[in-house]
Amino acid sequence: MNEPSPPDRFNEEKSAYTVRGGADLPDIEAGIAAIRAVAKTLPARSGVYRMLDARAEVLYVGKARVLKSRVTSYTQVSRLTKRLQRMVAQTRSMQIVTTNTEAEALLLEAQLIKRYRPPYNVLLRDDKSFPFILLREDHDFPQVRKHRGARRHKGQYYGPFASAGSVTRTLNALQKLFLLRSCTDRFFATRKRPCLLYQIRRCSAPCVERIGKEEYAELVADAKDFLGGKSSKVQQKLAGQMQEAAEAMDFELAALLRDRLRALTFIQGTQAIAAEGLADADIFALACKGGTMCVQAFFIRGGNNWGHRSFFPAHTADVAEADVLAAFLMQFYEDVPPPRLVLTDREVPEAELIAEALCERAGRKVALKVPRRGDQVRMIAQAKRNAEEELDRHLAETGTQARNLRALTEMFELPETPQRIEVYDNSHVMGTNAVGAMIVAGPEGLRKNAYRKFNIKRSETAPGDDFAMMREVLGRRFARLEREDPDRSRGDWPDLLLIDGGKGQLGAVVETLEDAGIHDVPVVAISKGPDRDAGRETFHLPGGRELSLPPNSPVLFYLQRLRDEAHRFAIGAHREKRSKSMTSSPLDEVPGIGPSRKRALLMHFGTARAVRNAALQDLEKAPGISKTMARGIYDFFHPGG
């Protein structure tokens with residue numbers, strides 16, 4: 001549904017101040033002294049505090065109704081858990097932000113945890129933004145499409161959806177059901193005849209006036225009714241229209257309406273959990289086993305279930321389950337607009353305060369409750385069951401992952417089990433649109449938020465030279481690590497490098513690391529066997545050593561998955577770059593030339609080449625181009641005058 005914008009964020013710099021201690025080594029007495037020094041200066045009001053270590057790195061973010069009392073409690077070491085005692089021993093300074101209310105403090109706490117990801121806070125691991133369906137309202141014929149990120153477009157936003165796949169399936173069904181356009185405004189404006197979507201009955205072709213504004217507006221209204229939870233109204237309307245068409249013996253129209261009804265039935269039938277009696281709600285249930293916790297979330301919007309997602313919060317040792325769920329909720333709703341109702345499987349601490357903070361975040365009433373009877377209890381039970389099953393699967397996968405990492409450590413004679421493995425690959429076609437790709441894996445699996453793409457851009461890197469590309473990618477990667485994390489304290493340095501390639505790629509990487517003065521990062525290259533058969537890979541190590549594994553080895557399967565994931569990511573990055581290059585124009589690189597001026601130049605000269613070859617006097621005659629702009633365009637294409 002269309003949610004109001006969140007309230008303005010707090011100006012941290014207005015009310016933040018730091019009191020620093022002196023000692024640099026972990027010492028609980030030094031930590032207590034630093035905290036006491038801060039506590040003496042604190043007011044009896046609400047706010048947020050940050051514990052900082054000797055390098056001013058954030059250890060912990062907390063909020064308090066009365067700052068002085070809360071901060072002072074950290075000096076009573078005997079009452080703290082072992083985890084908090086370790087935190088106090090590392091604390092050397094604190095930073096304080098005062099707020100007007102405790103609800104504001106709770107919102108700011110979630111914001112800062114999301115930003116700094118402190119090691120002693122419960123963390124929401126999943127950093128991916130949630131997809132929405134956007135029905136735009138800034139065009140006579142509104143477009144429906146998938147949307148992520150900031151809400152800059154005017155229109156209705158429906159979601160969140162649990163995954164991009166669930167959005168795509170719903171959009172496909174919506175196209176069949178309501179025949180709304182999904183094309184861009186530029187594509188819409190240039191059409192002379194209907195596109196393929198019209199031919200396969202996925203669009204009503206408003207671009208070529210196969211439907212009028214009023215009829216299209218009626219389709220948009222039906223789509224809003226459906227996404228707003230009034231699917232039965234839409235169903236009755238379509239059934240009535242189909243009956244009328246059949247009675248009028250307009251069987252082609254009746255068949256079209258029948259297909260739309262089937263699309264509606266498909267959407268209704270894909271609900272994994274029935275949502276009777278709920279309009280907008282999120283359902284959360286937590287399961288815990290072996291020290292690992294899983295939060296299962298179901299998203300109900302407009303009476304429709306938009307899917308579910310599992311989360312595995314980090315840093316949960318010695319933290320009560322209810323406290324983990326409370327921390328999770330505030331971080332989750334930092335990026336997602338809260339619905340009118342939030343259901344949980346247990347009471348959470350400070351539930352009234354959390355509800356107040358969510359109300360402030362949404363700009364309207366938000367209820368937080370634990371259901372006691374009726375259908376809501378049944379939905380919570382299903383979410384709880386899903387959480388337990390997902391946790392069992394996660395623990396099984398984690399156990400297998402741990403065994404693979406131990407075997408890999410032994411196989412490559414690593415000093416310790418790797419916590420961060422980086423895998424590199426290149427992709428290009430005959431040297432064009434070349435990109436390098438890095439994926440990251442660890443004990444918990446793939447870390448997709450750490451993936452990186454590298455555009456090959458050095459002039460000395462010859463097109464198609466895989467060895468030079470690998471040197472450039474690794475050189476840039478480790479130059480940045482040396483610059484941003486020279487003491488290797490942030491966990492961004494790899495414990496193992498895997499290279500998709502053979503002896504040549506391995507030699508290029510080893511040479512690059514030696515030039516950078518890095519001698520302690522293990523490197524292994526993976527090459528396919530004879531005839532490039534999967535299962536007959538050879539592992540190349542520095543010094544000329546080569547290893548191979550039996551075709552049915554679990555470690556081989558694990559390394560193949562990592563190599564294939566890097567290959568998939570590299571190819572995807574290359575295709576994306578190639579697709580952009582096909583539609584790019586030399587005018588895109590000219591400073592100060594936006595879409596309007598670019599269109600005016602192309603309309604006047606015909607082609608980008610003609611613009612590039614035009615004389616200064618001709619450029620000055622183009623509509624919408626001033627003499628200053630004409631001089632800038634001419635100088636860009638003729639740098640020597």
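This talk walks through the cores, sheets, helices and a few single residues of one predicted model.

Before the details, a word on how the values were made: residues are numbered from 1 along each chain as its sequence is written, and side-chain values use heavy atoms, with hydrogens and water left out. Since we are looking at a predicted model, local features need pLDDT of at least 70 and side-chain atom pairs count only at pLDDT 80 or more, while totals for chains, interfaces and linings use all residues.

Let me begin with the nonpolar cores, by which I mean sets of buried Ala, Val, Leu, Ile, Met, Phe, Trp, Tyr and Cys residues joined through side-chain atoms within 4.5 Å. Buried here is under 20% relative accessible area, exposed is over 50%, and partly exposed is in between, with a 1.4 Å probe and protein chains only. The largest core has 67 residues, and the members that touch the most others are L180, F284, F328 and F332. Helix α12, residues 321-332, gives this core its largest share, namely seven residues. A second core, separate from that one, holds 25 residues, among them A437, V524, I526 and F569. As background, nonpolar side chains in soluble globular proteins tend to be buried together.

The helix and strand names are DSSP runs numbered from the N terminus, with helices being H or I of at least four residues and strands being E of at least two. Two strands pair if DSSP finds at least two bridges between them.

With that in place, what is the strand order in the open sheet of five strands? The order is β10-β9-β8-β11-β12, and the pairing is mixed. Strands β10 (304-311) and β12 (367-369) are at the edges with a single partner strand each, so one side of each is left without a neighbour in the sheet. From one strand to the next the twist averages 15 degrees, where axes are lines fitted to C-alpha atoms, for helices over the stretch in contact, and angles run from 0 to 180 degrees between N-to-C directions. Strand β9, residues 292-301, runs antiparallel to β10 and is joined to it by six bridges, and I300 stands opposite N305 in β10. Helix α12, which we met in the core, lies across β8 (281-289), β9, β10, β11 (341-344) and β12, and runs at about 140 degrees to β8.

There is also an open sheet of three strands, in the order β6-β5-β7 and with antiparallel pairing. Its edge strands, β6 (144-147) and β7 (155-158), each pair on one side only, and here the twist averages 30 degrees from one strand to the next. Strand β5, residues 132-136, is joined to β6 by four bridges, with H147 in β6 as the bridge partner of F132. Helix α6, residues 164-178, packs on this sheet by touching β5 and β6, and its direction makes about 180 degrees with that of β6.

Turning to helix α15, residues 466-484, its 19 residues should span 27 Å at 1.5 Å a residue, and its end C-alpha atoms are 27 Å apart, which agrees; the expected span is 1.5 Å times one less than the number of residues. Its buried residues include M469, E472, R477 and F478, and the buried set packs against β13 (421-429), β14 (432-442), β16 (452-455), β17 (496-500) and α16 (503-515), contact being heavy atoms within 4.5 Å. At the N-terminal end, D465 acts as a cap, with a side-chain oxygen 3.2 Å from the backbone nitrogen of F467.

Strand β18, residues 523-527, is largely enclosed by the rest of the structure, because five of its five residues are buried. V523, A525 and S527 point one way from the strand, and V524 and I526 the other way. β17 and β18 pair in the parallel sense over four bridges, with A525 as the bridge partner of I499.

Close to the end of my list is H540, in strand β19, residues 538-540. Is H540 buried or exposed? At 7% relative accessibility, H540 counts as buried. The H540 side chain makes a polar contact with that of S527 at 2.7 Å, a polar contact being a pair of N or O atoms within 3.5 Å, where within protein one must be able to donate a hydrogen and the other to accept it, and residues adjacent in sequence count only if both atoms are side-chain atoms.

Finally, two backbone angles: most residues other than glycine have a negative phi. D318, in the loop between β10 and α12, has a positive phi near 65 degrees, and at 54% relative accessibility D318 counts as exposed. E413, in the loop between α14 (375-411) and β13, has a positive phi near 55 degrees, and E413 is exposed too, with a relative accessible area of 60%.
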